[in-house]
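Good morning, colleagues. Please take a moment to look at the sequence and the structure as I bring them up, and then I shall walk through selected features.

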Amino acid sequence: MAKDAIMDFDKALELFEPVLGFEVHVELNTATKMFSAAPNSFGREPNTDLAPVDLGLPGSLPVVNGEAVRYSISLGLALGCSIAPSSRFARKNYFYPDLGKNYQISQYDEPIAFEGEVEVELEDGTVIRVPIERAHMEEDAGKLTHVGGATGRIQGAEYSLVDYNRAGVPLVEIVTKPIFGAEHRAPELGAAYVRTIRDIVLSLGISDARMERGNLRCDANVSLRPRGQEKLGTRTETKNVNSMRSVQRAVRYEIQRQAAILAAGGTITQETRHWHEDTGTTSPGRPKSDADDYRYFPEPDLLPVVPGADLIAELRAALPEPPAARRRRLKEEWGFTDLEFRDVANGGLIAEVEATVAAGASPAAARKWWTGELTRIANAQNREAVDLVSPADVAALQLLVDSGTLTDKLARQVLEGMVAGEGSPQEIVDARGLAVVSDDGPLIAAIDDALAAQPDVLQKIREGKVQAAGAVIGAVMKAMRGQADAARVRELVLERAAE
Amino acid sequence: MTDLTRLSAADLAAELSSGTVSSVEATRAHLDRIAAVDGDVHAFLHVSDHALEVAAGIDRRRSAGDALGPLAGVPLAIKDVLVTTDMPSTSGSRILEGYMSPFDATVVSRARAAGLVPLGKTNMDEFAMGSSTEHSAYGPTHNPWDLERIPGGSGGGSASAVAAFEAPLALGSDTGGSIRQPAHVTGTVGVKPTYGGVSRYGAIALASSLDQVGPVSRTVLDAGLLHDVIGGHDANDSTSLADAWPSFADAAREGARGDVLRGLRVGVIRELPDSGFQPGVSTAFRAALAAMEARGAEIVEISAPHFEYGVAAYYLILPAEASSNLAKFDSVRFGMRVNVPGGTVEDVMAATRDAGFGDEVKRRIILGTYALSAGYYDAYYGSAQKVRTLIQRDFAAAFERVDVIATPSAPTTAFKLGEKIDDPLQMYLNDVTTIPANLAGVPGISIPAGLAEEDGLPVGIQFLAPAREDARLYRVGAAVESVLVDSWGGPLLDRAPVLGGAR
């Protein structure tokens, strides 16, 4: 495959305005599937979690999952959408072996939620309002594995395996309107938008939102128009970009690729494209054209979805605080600088810091533990900081520091014990004997020894060169194996030297 | 000894519950009858190899004193459109040859629970597309009144099985007349319930918004007894109504003994011209109306100006839904597979569908695919849905003035096998009086009205009632049946020719 020419990103932005659009599929974590009583599971033996309708068996009929409808309404409300008093399912007809019925039950001209807006915050704190066109319910398809052939794609494969466990898993597809004005931050907006959707569904508790498992999947639409032109350019749709970083890279790549074509006088083909994580490039999928005729018509096996006003009001009242508003509130409450808060947010640690503060630690201390030592250990162990320790234990550790039981250095040793699963902070302090020695007796003995060993230093202190005491303090701390309060040691050194 | 196959289901049930006859005896009598005549009739695609065991189980439960339903031990024929776990379900198609379903249709499980004994699966036009059973991939069924003639369709197998005394009861499905038109040409009774009155779960879908499962029998009471067993809400069918239904058997009994016809307002549609009907059909229809009038019914001319567009609208909506419903037959998960060496999955799907579907199925898939295509949707599917609304309004207006509407059940008596097979349009027009009920979702019943004078073949009269008023049809149907059978001096089927030389 010939390598596509790309234009320098800044140059591309000089010549063209990027216009974005995103379609994000969210898999709901309901107990059962969208239209059957089969479990909505992940990672089970292929073709085990199935009901007749998931396989499109003759005579089978779909029945709508009420829990999925409620989740979808909550999501629609969280996206600032209006909820349709009546919405309908439709059949999207196309033949594909991962689709048991050879049609997908989706929503077409009557989605459950429409006309919303989400605030997306970029790294530098800029907020971009992304207009939402609609959010509609549909079912997922099965999963194909292509065996043989070089590409792992259906073309050239020797044979393909189909696992229908995923067939019928409830999805909500969130479709944005065209997004203008992101300019050179368009790639970053892509990642930030997906992160925002992820935050929203996590705060609602309606999806596991694990992109690596496909719980959250993003199709990124990119088009360019020459500066000053009103008419939108031809767009491409890069399918299934499945990490936030990839969304960012794919948008950037498409801007550069399209700019190179347009600047050379070429035209963009309206098509779906595949994202290649390894090369950081996209390649053409199938062209989108009039031949793509899904022959939508209202699903005759299902009645319209008519949520009562009561239900909508109940779900609206139960909505959690919107993630963007929550961030603003917490940043204010914690008194963090922009930079400090972004460290917490970008590390995905807002909930942890919040819980640690709630358990009694100061915001500054909570932030320091989570974005500092715990993040360092997590990176070193290739784990997530949130999986290492509980916020309650972090708060307990900090309380030991605040009460003077532990120095910062000792506290880091206790933390290592906590990560290793040795117990609560207090248990580790007891077991390892790590508490600060607060009895002056042993300290004075150690200081007298140190002074006797360094008569020249004693002389200097007596001559008023107080800074010389550092050498004695160091020796004492070493002798105490760190379990002493250095400030108290300093006081005592000066006292003893004066005698 | 009484010939058990000649008894109505109600009479047979009475013998069974009184203990004078066992279910094994009744079942064996019907299996013997099938063995004797089905070579000629070909009503069955599959005969159960364990019906006698099922019957023996019912007999054991009865002697153990178990409480059994009114139809326990009575044999039942099942249209092959309904999936069954113990017998293949093909819907008359080669593409499903030998297909075993992992679940029973709701109506089948309810029939089993009520103690009915499944005898076998009955023949039908492929995927219920047709009015003659000639489109079955397994050969046509023959009309017991004249083996050279069609038994109607798509449920010709169920109607013939009942008419030929191979079964006292059968299950059918009616998308545009597939229960009522076969009843008309075989001198039997068929009911299309209100849409949503009987579960569609396990009925291999033709057109989801039109399909309805219903009873096939020789008497109105028998249909009511079976309807009582299979009807009512089913959580597996989202379009099933949550209504509590009255007993349709009780309604039929009330109609047979009471004075239901006095003051009954019977609507006759002005726009259905006599000219479109075979003279003998019109004559028998008028005679039945006259008999009703003589018992105090009032015949009222009503207008249903949009009925004439019914067939056109139906032949857009049905193929559109069918083209989608039949997409699942692709060889990937079940059913026939035609391998294409070196081919892609699309090649295999195409080759399988080419070999597995008959011409009529392909014709309707093409029609439906076209009707749903971008740019044509509004003109075809959209317009057809508007006609549907207009027909519903015609019904609503008519039912403000009358209690039931009466029509001939079909324009002609049974035509000869092969006569219309190459003229789909003529075949489609055979459904002109039955289609409006499916488009509007209202219930309909066809009962024998008499024999056409020119060919001596059965003619049916159809009654239609407002949605949810199925019980009214059973009352009126049983009343008219009782009047007509009295006037004939016995059931119409007594005049059918003897089959198989056995009796």
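**Contacts, strands and helices in chains A and B**

Let me begin with one residue of chain A: setting aside neighbours up to four places away in sequence, A:Ala324 is in contact with A:Glu119 and A:Glu121. Please bear in mind throughout that this is a predicted model. A:Ala324 belongs to helix H6 of chain A, which covers residues 323–334. Is this residue buried, exposed or in between? A:Ala324 counts as partly exposed, because it has 16 C-beta neighbours inside 10 Å, and a residue must have 20 or more to be called buried. As for its separation from another alanine, the C-alpha atoms of A:Ala324 and A:Ala37 are 36 Å apart, with their positions 287 residues apart along the chain.

I turn next to the division of chain A. The domain assignment gives domain 1 as 9–315, domain 2 as 342–427 and domain 3 as 440–498. Between the C-alpha centres of domain 1 and domain 3 of chain A there is a distance of 68 Å.

Helix H4 of chain A, residues 244–263, offers a simple check of geometry. How far apart should the ends of a helix of 20 residues be? At 1.5 Å a residue the expected span is 28 Å, and the end C-alpha atoms of H4(A) are 29 Å apart, which agrees. Of the 20 residues of this helix, 15 are buried, so H4(A) is largely enclosed by the rest of the structure. Just after the helix, A:Gly265 adopts a positive phi of about 85 degrees.

A positive phi also occurs in chain A at a residue that is not a glycine: A:Asn47, with a value of about 55 degrees. A:Asn47 sits in the loop between strand S1 (16–27) and helix H2 (66–78) of chain A. With 16 C-beta neighbours inside 10 Å, A:Asn47 counts as partly exposed.

Chain A also contains an open sheet of 3 strands, in the order S4-S3-S14, with antiparallel pairing. Its edge strands are S4 (103–106) and S14 (297–298) of chain A, each of which pairs on one side only. Strand S3 (residues 90–93) of chain A and S14(A) run antiparallel and are joined by 2 bridges. A:Arg91 has A:Phe297 in S14(A) as its bridge partner.

Let us now consider where the two chains meet. On the chain A side 24 residues are in contact with 36 residues of chain B. The chain A side of this interface comprises 14 nonpolar, 5 polar and 5 charged residues.

In chain B, there is an open sheet of 11 strands with mixed pairing, and its order is S1-S3-S2-S4-S6-S5-S10-S11-S9-S7-S8. Strands S1 (44–47) and S8 (298–302) of chain B are the edge strands, each pairing on one side only. From one strand to the next, the twist averages 30 degrees. Within the sheet, strand S5 (residues 189–192) and strand S10 (residues 444–451) of chain B pair in the antiparallel sense over 3 bridges. B:Lys192 stands opposite B:Gly444 in S10(B).

Which strands does helix H2 of chain B touch? Helix H2 (residues 23–41) packs on the sheet and touches S1, S2 (75–79) and S3 (117–122) of chain B, with its direction at about 20 degrees to that of S3(B). Helix H9 (residues 279–294) of chain B also packs on the sheet, where it touches S7 (265–269), S8, S9 (404–408), S10 and S11 (458–464). The direction of H9(B) makes about 105 degrees with that of S10(B).

Three loop positions of chain B complete this survey. B:Val21 lies in the loop between helix H1 (9–18) and H2 of chain B, and it counts as buried because it has 21 C-beta neighbours inside 10 Å. Not counting residues up to four places away in sequence, B:Val21 touches B:Leu4, B:Glu15, B:Leu16 and B:Ala26. B:Leu4 is 17 residues from B:Val21 along the chain, and their C-alpha atoms are separated by 8.8 Å.

The peptide bond from B:Gly153 to B:Ser154 is cis, with omega near 10 degrees. B:Ser154 occupies the loop between S3 and helix H5 (156–163) of chain B.

Finally, B:Phe165, a residue other than glycine, has a positive phi near 60 degrees. B:Phe165 is in the loop between H5 and strand S4 (169–173) of chain B. With 24 other C-beta atoms within 10 Å, B:Phe165 is buried.

How values were computed:
Residues are numbered from 1 along each chain as its sequence is written. Chains are lettered from A and ligands numbered from 1 in the order in which they are written. This is a predicted model: local features need pLDDT of at least 70, side-chain atom pairs count only at pLDDT 80 or more; totals for chains, interfaces and linings use all residues. Helices (H or I, at least four residues) and strands (E, at least two) are DSSP runs, numbered from the N terminus. The expected span of a helix is 1.5 Å times one less than its number of residues. A residue is buried if 20 or more other C-beta atoms lie within 10 Å of its own, exposed if 12 or fewer, and partly exposed in between; C-beta atoms are placed from the backbone. Domain bounds come from an automatic or database domain assignment. Two residues are in contact if their C-beta atoms, placed from the backbone, lie within 7 Å. Ala, Val, Leu, Ile, Met, Phe, Trp, Tyr, Cys and Pro count as nonpolar, Asp, Glu, Lys and Arg as charged, and the others, Gly among them, as polar. Two strands pair if DSSP finds at least two bridges between them. Axes are lines fitted to C-alpha atoms, for helices over the stretch in contact, and angles run from 0 to 180 degrees between N-to-C directions.
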